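Hi there,

Here is the structure I promised to pass on to you. My notes on what turned up in it follow just below.

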Amino acid sequence: MFDTIFVETDLKKNKRALEIIDTFKSARVKYIDKVEDIFNRVKKPYLQKNESLNLFLGNKKGQLVKEAPDAYGLSGEPHYYFIHAYNCIYECNYCYLQGYFNSPDIVVFLNHREICNEIERVTLDCDKKGLTPWFHAGEFSDSLALTHITGELEIYHELFSRLPQAKLELRTKSANVKELLKLSPKENIITSFSLSPADKIQKNDLKTPSLKARLVAIKKLVEAGHKVGIHFDPVVYDNDFKEKYQDLINDLFSILPVQKLEYISVGVIRFTKDVYHQVRKNYPESELLSSELIKSFDGKIRYNRPMRLWILSAIKELLLEAGVKQEKIYLCMEDDDLESIAKS
């Protein structure tokens, strides 16, 4: 899977680093001072990225916990994300990481205890203000895809078991839930799955598990008592999108009782200028480029506002008809006026 594993010299004797190295016996191992000395220095093609990936093992420097942008999660509570990895083994053709990093190589950070300390500090600060902080994993990587190798889930599970006043969201497109199933369910730990109609996953969520595989993973977690959230994001328009999302909603709630859904977000396809440029370069035949897209309120490229309102309203109505409570639906990364449709 990996050609070369680059390891920071400080981690030469790190138990987890040695275990990861042992997992990929055919990979060359090179020791480096810092991940930043090599990773992202040279432009490397994003396409077919799983064919020649390198793996970097290091410690995350700088800011370990960052405040999330507006409309990142349920409103009314502070949201943060923490960075435990860079890049993803999947190749979604709309992924913003292709415009963020020069390289698709995988970086795994191992200083989870330091990250946990910062999460605890932020939580205590919020607690003094009477706030419930949310911490999101998966901003720069998938939260579950490599957990059978990276082994950090148990660390964060233990932390949030001690911090019932904080919430942890594990964002994923993976079906790799075996490590999570080894851990006891917690009220404040939610696994959220990004779902799209089956044909959209096949066209756009390249190298990811199928819709069927993700639904099976959701079913296993629900039956084990774990909390589950859903993201219908990104929604990609076509002429029969309503019918496709009706089928998706039917399939989802056949295995996830609607009353057990923690929340569901809905968001249309969107790009920063840099990501849009990379998508046009990397996937010129993609259906993502066939609709009229414009520069939107925050500088991102989206469908025009009336079209977004129509799409989001239609999917919201399907969810309400399926029995999802109004307060459990939110729009992802939208302006305040459009967000108001989720509350009306």
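Let me start with the pocket lining. Strands β7 (91-92), β10 (167-172), β13 (227-235) and β14, together with helix α9 (273-282), each supply at least two residues of the lining of the largest pocket. Of these contributions, the largest share is that of β13, with 3 residues. The volume of this largest pocket comes to about 1,000 Å³. In total 38 residues line it, and those closest to its centre are Cys95, Tyr96, Gly138, Glu139 and Arg270. Please keep in mind while you look around that this is a predicted model.

Since β14 has a part in that lining, here is a residue from the strand. Gly267 sits in β14, which spans residues 261-268. Is Gly267 buried or exposed? Its relative accessible area is 0%, so Gly267 is buried, the limit for that class being under 20%. Leaving aside residues up to four places away in sequence, Gly267 touches Phe232, Asp233, Pro234, Val235, Leu312 and Cys332. For a sense of distance, the C-alpha atom of Gly267 lies 26 Å from that of Asn102, and the two residues are 165 residues apart along the chain.

Now to the N-terminal end of the model. Strand β1 covers residues 2-8, and 6 of its 7 residues are buried, so the strand is largely enclosed by the rest of the structure. Which strands does β1 pair with? One is β2 (residues 28-32), which runs parallel to β1 with 5 bridges between them; in this pairing Thr4 has Arg28 as its bridge partner. Another is β3 (residues 53-58), also parallel to β1 and joined to it by 4 bridges, with Ile5 standing opposite Leu55. If you trace the chain from β1 through helix α1 (residues 15-23) to β2, you will find a right-handed β-α-β unit.

The salt bridges are worth a look too: the count is 24. One of them starts from β1, where the side chain of Glu8 meets that of Lys61 at 2.8 Å, N to O. This pair links distant parts of the chain, as Glu8 belongs to β1 and Lys61 to the loop between β3 and β4 (65-67), 53 residues apart. The two partners fall into separate exposure classes: Glu8 is buried at 2% relative accessible area, whereas Lys61 is partly exposed at 38%.

Another salt bridge lies within a helix. Glu158 and Arg162 meet through their side chains at 2.7 Å, N to O. Why are they separated by about one helical turn? Both belong to helix α4 (residues 153-162) and are 4 residues apart, which means a separation of about one turn. Glu158 is partly exposed, with a relative accessible area of 36%, and Arg162 is partly exposed as well, at 42%.

Finally, have a look at Lys244 and Asp240, which form a salt bridge with their closest N and O atoms 3.6 Å apart. Through shared partners, salt bridges join Asp199, Lys200, Lys203, Asp238, Asp240, Lys244 and Glu287 into one network. Within this network, Lys244 counts as buried at 18% relative accessibility, while Asp240 counts as partly exposed at 33%.

Happy browsing, and do write back with any questions.

Best wishes

Note on methods:
Residues are numbered from 1 along each chain as its sequence is written. This is a predicted model: local features need pLDDT of at least 70, side-chain atom pairs count only at pLDDT 80 or more; totals for chains, interfaces and linings use all residues. Side-chain values use heavy atoms; hydrogens and water are left out. Buried means under 20% relative accessible area, exposed over 50%, partly exposed in between (1.4 Å probe, protein chains only). Two strands pair if DSSP finds at least two bridges between them. A crossover is right-handed if, with the strands pointing away from the viewer, the path from the first strand over the helix to the second runs clockwise. A salt bridge is a side-chain nitrogen of Lys or Arg within 4 Å of a carboxyl oxygen of Asp or Glu. Contact means heavy atoms within 4.5 Å. On a 1 Å grid over the protein atoms alone, a cavity is a set of points where a 1.4 Å probe fits but cannot get out, and a pocket is an open set with protein on both sides within 12 Å along at least five of seven lines; lining residues have an atom within 4 Å of a point. Grid points are joined across faces, edges and corners, and a volume is the space filled by probe spheres set on the points.
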